[in-house]
Structures are given as structure tokens and as C-alpha cells.
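Let's take a walk through this model together, starting with the whole chain and then stopping at a few individual residues. Keep the 3D view open as you read.

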Amino acid sequence: MNYKLINMKVFGDERGRLISLEGGRNCPFEIKRVYWIFDTVPNMDRGMHAHKNMEQIIVAMDGACQFILDDGKKRESLWLNRPDIGLYIGKNMWREMKNFSYGCKLMVLASDYYDEREYIRDYNRFLKEVNND
């Protein structure tokens, strides 16, 4: 499975806490795009796609959601619910996001600019591509 949880170094004192992500240092790729997901509701799933070449780090800035990750052979589930834990998702990983807490906020760092051709949005096509069928 081409994913891992990243414990991010937290700096802070009585004024609050801070986490810094730097491309090529504590982020395993050059960051070319940042976006965020917000105003989420529990009964609306998101994701349902894979990226051919793009890598991402996803951070739950507030709230929680469940990720289903699939490499075409195995499916695993995990919860993202802390702003000091990042979820790295590598190439060719199907992802589904479910069970959002109300108002969950996710920040996504991506290794490339938006390109619709980069997406695989059909699960059966994903399975064929990753299993070389």
C-alpha cells in the first residue's frame, strides 16, 4: 500500500502551536498545489478516485473523517482526526472519504497542478490499470 501516516513536528509555547511543511524536506515532494475541503456533512462521501502520478498529504485541520485506501489488491481504513498527523497518499491509490464530522476541514498538499487527465474516477478502470489487465 502506497500510503503512510506522518507525525509532524509541532512547535509551540503558551501562545499556541505551529506546524511547518516544506517541500523536499519534511514533505516528500515539491508542493505545487494546496487546497482545502470544508463545510462537510456526515452523510456525503467524497473522493472516489485515484491519481496516476500525483502524490498528496492530507491533514485534518479540524474535525475528522474516515479514509478508505485501496491499491487494487487490498483495502484499508483509517481515521484522520488530528492536525499534527498527515496522511501521505502516493501514486495509484484509490481513496474514499466517508463519515465526516460536521464542518470537518481538510487541507491537501499536492505534488502537481490540477489536471483532470490525472484522475481515474471509475473503480473498475482503476483496477484494470493497477493490475495491468
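**A guided walk through the chain**

The protein chain carries 21 positive and 20 negative side chains, and the centres of these two sets lie 1 Å apart. Before going further, please keep in mind that this is a predicted model.

Let's look at the overall build. The chain contains 1 helix and 12 strands. Reading from the N terminus, the elements run β-β-β-β-β-β-β-β-β-β-β-β-α, with the helix placed after the strands. Along its principal axes, the C-alpha trace spans about 55 × 35 × 25 Å. How does the radius of gyration of the chain agree with that of a compact globule? For 133 residues, a compact globule would have a radius of gyration near 14 Å, and the chain has 15 Å, so the two agree.

Two further totals describe the surface and the interior. The accessible surface comes to about 7,900 Å², and carbon and sulfur atoms account for 48% of that surface. Buried residues make up 38% of the 133 residues. The contacts tell us about the reach along the sequence: among those between residues at least 6 apart, 77% join residues at least 24 apart.

Now turn to the strands. One open sheet has 5 strands, in the order β8-β7-β10-β5-β12, with antiparallel pairing. Which strands are at its edges? They are β8 (75-80) and β12 (119-120), each of which pairs on one side only.

You can cross this sheet starting from β8. Strand β7 (residues 65-70) is joined to β8 by 6 bridges, and the two run antiparallel. Within that pairing, I68 stands opposite S77 of β8. Further along the sheet, strand β10 (residues 94-98) pairs with strand β5 (residues 46-51) in the antiparallel sense over 3 bridges. To find this pairing in the viewer, look for R46, whose bridge partner in β10 is M97. At the other edge, 2 bridges join β5 to β12, again with the strands antiparallel. Here H51 has Y119 of β12 as its bridge partner.

Another strand worth following is β11 (residues 105-110). Strand β4 (residues 33-37) pairs with β11 in the antiparallel sense over 5 bridges, and the bridge partner of Y35 in β11 is V108. Strand β6 (residues 56-62) also pairs with β11 in the antiparallel sense, over 6 bridges. In this second pairing, V59 has M107 of β11 as its bridge partner.

With the strands in place, let's stop at some single residues. The loop between β10 and β11 holds C104. Is C104 buried or exposed? Its relative accessibility is 0%, so C104 counts as buried. Leaving aside neighbours within four places in sequence, C104 is in contact with I37, F38, D39, T40, D62, G63, A64 and C65. One of these partners, F38, makes a good example of sequence distance against spatial distance: C104 and F38 are 66 residues apart in sequence, and their C-alpha atoms are 6.0 Å apart in space.

On the edge strand β8 sits E76. At 21% relative accessibility, E76 counts as partly exposed, because buried would require a value under 20%. Not counting residues up to four places away in sequence, E76 touches M1, Y3, F67, I68 and L69. Among these is I68, the residue already met opposite S77 in β8. E76 and R95 lie 19 residues apart along the chain, and their C-alpha atoms are separated by 9.9 Å.

Finally, consider two asparagines with a backbone feature to check. Most residues other than glycine have a negative phi. What is the phi of N92 near? The phi of N92 is near 55°, a positive value in a residue other than glycine. N92 lies in the loop between β9 (85-89) and β10, and its 31% relative accessibility is why N92 counts as partly exposed. N99 likewise has a positive phi, near 55°. This residue belongs to the loop between β10 and β11, the loop that also holds C104. In contrast to buried C104, N99 counts as partly exposed, at 39% relative accessibility.

Key: Residues numbered from 1 in each chain as written. Predicted model: local features only at pLDDT ≥ 70, side-chain atom pairs only at ≥ 80, totals over all residues. Heavy atoms only, no water. Pairing = 2+ DSSP bridges. Helix = DSSP H or I, 4+ residues; strand = E, 2+ residues; numbered from the N terminus. Rg over C-alpha atoms; globule rule 2.2 N^0.38 Å. Buried < 20%, exposed > 50% of the residue type's maximum accessible area, 1.4 Å probe, protein only. Contact = heavy atoms within 4.5 Å. Areas by Shrake-Rupley, 256 points an atom, 1.4 Å probe, with all protein chains shown as cover. Lys, Arg positive; Asp, Glu negative; His and termini not counted. Charge placed at Lys NZ, Arg CZ, Asp CG, Glu CD.
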